[in-house]
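Hello,

Here is the structure I said I would pass on. Please keep in mind that the model is predicted. My notes follow below it.

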Amino acid sequence: MKKRVLALVMSTAMIASVLTACGGKNDTPAQDTNSNTTNNDAPAADSANNDAPAADSANNDAPAADSAGDDAAADNSNVDYGTGEITIWVAENVQTFTQNQIKAFQEANPQYAGYTVTVEPVGEGDAATNMITDVEGGADIYGFAQDQLARLVSSGAIMPVVGDYATWVAEQNDAGAAAAAVVGGTTYAFPITSDNGYFMYYDKSVVTDPTSLDQIVKDCEAAGKGFYMEINSGWYQPAFFFGAGCTLTYDADDAGNFTACNTDYASDKGLAALKAIINLHKSPAFVNGSAASNATNFAAIIDGTWDAEAIKGVLGDNYACAKLPKFTVDGTDYQLGGFGGFKLLGVKPQTDANKMQVCMAMAQFLSSEETQLARYKEVSWGPSNVAAQQSSDVQADEALSALAEQLAETIPQGQYPNDYWSLATALGDSVIAGEYDNASDDELMAVLQEFQSTCQSYAQ
């Protein structure tokens, strides 16, 4: 807590001071200490996905002022930020890319060249846990999945992004990504992707109307093809409940303990969602699953960008993508929703004001429009930067375009108790087993009430 308060005070004061500070220009050349280790170009299958290299895009004389497309920090090219060491953690498949970007950034910004930067391969799934376990020994800048932000804040492992930097984050990124970087009204991170979620891949020679779940299922049945969706997953299952207008989120205290469960599954909205899941399960075309590697003879599958190439290989010229369809229950249409996910960059609280400014400048640069576009070209990670999203290359990516449309219908995935995921699986398994095929509305409401009460018990 002490470090977090110090970081907030220092970041507010220092961001103001560096805008007016002046001093001798540091012409020390950038030290190329970053070793080129294995570079895995495959998209991160977990939830990660997308952005690429642009050595020249680092050419700016302020902390990413030019290449970041903003004056988040004034021209500090004459400020001497001294020397030091900075460690950056990123996923292995962007390690070499990040090394090259930082090297170019330091060459273009000699005021930051006195720092030796080491880029290490630590995936988004491990970075947050490692930081929380040992803040002091953790990286100065690190990538992580947005659902870990609350934990990082409560453990004092991440410093606030304030002033013009916070304004820059809000203005440069799509609304979902910008919101994912905020806790309690304070921005804590720099978004770098907006590409973790799910949408629909389909065979356009079979599916006649990708906007209607009922029609898609009918088309699949007529063609003897499968419709794949993982309804016993706490990640995919909420597409129905959130689409019907339900809520299921958790509040946590500074210690990371869950203090409240905000949910209304036991409602008419929840009943509509559960009925839709049951109706889908009853179709002979339905197959419970979401991995392209395990799918056979399908005409539609709810999946993510990480499986785009595999599905292209299966569907060939009939390959198509779309946001999730609408489902109909008792004459009312609902748009399938669900979770969205984003990758963020955080900066560890710093006690040295100069190093803090250098870390902020580097994090901003690594999340800038040019760097996100370069990263997309390198490893296909989908940009969160709104200008990058409008580039011809990104727009031509059918999977990313479909996901971008779907993310507008989702909520960022926050933190959930481990037991929630097991509970959602159990609900889906019961549907798949046919336990509710002939249940009355009252019986289904009782199922939802039990589910809701159990979710709430995890926060007591």
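I began with a sheet. Five strands make up an open sheet with mixed pairing, in the order 11-8-12-7-13. Its edges are strand 11 (286-287) and strand 13 (319-322); each has a single partner strand, so one side of each is left without a neighbour in the sheet.

Further in, strand 7 (residues 199-203) and strand 12 (residues 298-303) run antiparallel and are joined by four bridges. Within this pair, tyrosine 201 of the sheet has isoleucine 301 in strand 12 opposite.

Two helices lie across these strands. Helix 7 (residues 213-223) crosses strand 7, strand 8 (226-228) and strand 12, and runs at about 140° to strand 8. Helix 10 (residues 308-315) lies across strand 7, strand 12 and strand 13, at about 175° to strand 12.

The other item is a pocket. The second largest pocket holds about 460 Å³ of space. It is lined by 24 residues, and those closest to its centre are Ala150, Val183, Tyr250, Gly414 and Gln415. Where does the largest share of the lining of this pocket come from? Helix 4 supplies it, with five residues. At least two lining residues each come from helix 4 (149-154), helix 6 (175-180), strand 4 (182-183), strand 9 (248-252) and strand 17 (411-412). By type, the lining divides into twelve nonpolar, seven polar and five charged residues.

Regards

Definitions and conventions
Residues are numbered from 1 along each chain as its sequence is written. This is a predicted model: local features need pLDDT of at least 70, side-chain atom pairs count only at pLDDT 80 or more; totals for chains, interfaces and linings use all residues. Side-chain values use heavy atoms; hydrogens and water are left out. Two strands pair if DSSP finds at least two bridges between them. Contact means heavy atoms within 4.5 Å. Axes are lines fitted to C-alpha atoms, for helices over the stretch in contact, and angles run from 0 to 180 degrees between N-to-C directions. On a 1 Å grid over the protein atoms alone, a cavity is a set of points where a 1.4 Å probe fits but cannot get out, and a pocket is an open set with protein on both sides within 12 Å along at least five of seven lines; lining residues have an atom within 4 Å of a point. Grid points are joined across faces, edges and corners, and a volume is the space filled by probe spheres set on the points. Ala, Val, Leu, Ile, Met, Phe, Trp, Tyr, Cys and Pro count as nonpolar, Asp, Glu, Lys and Arg as charged, and the others, Gly among them, as polar.
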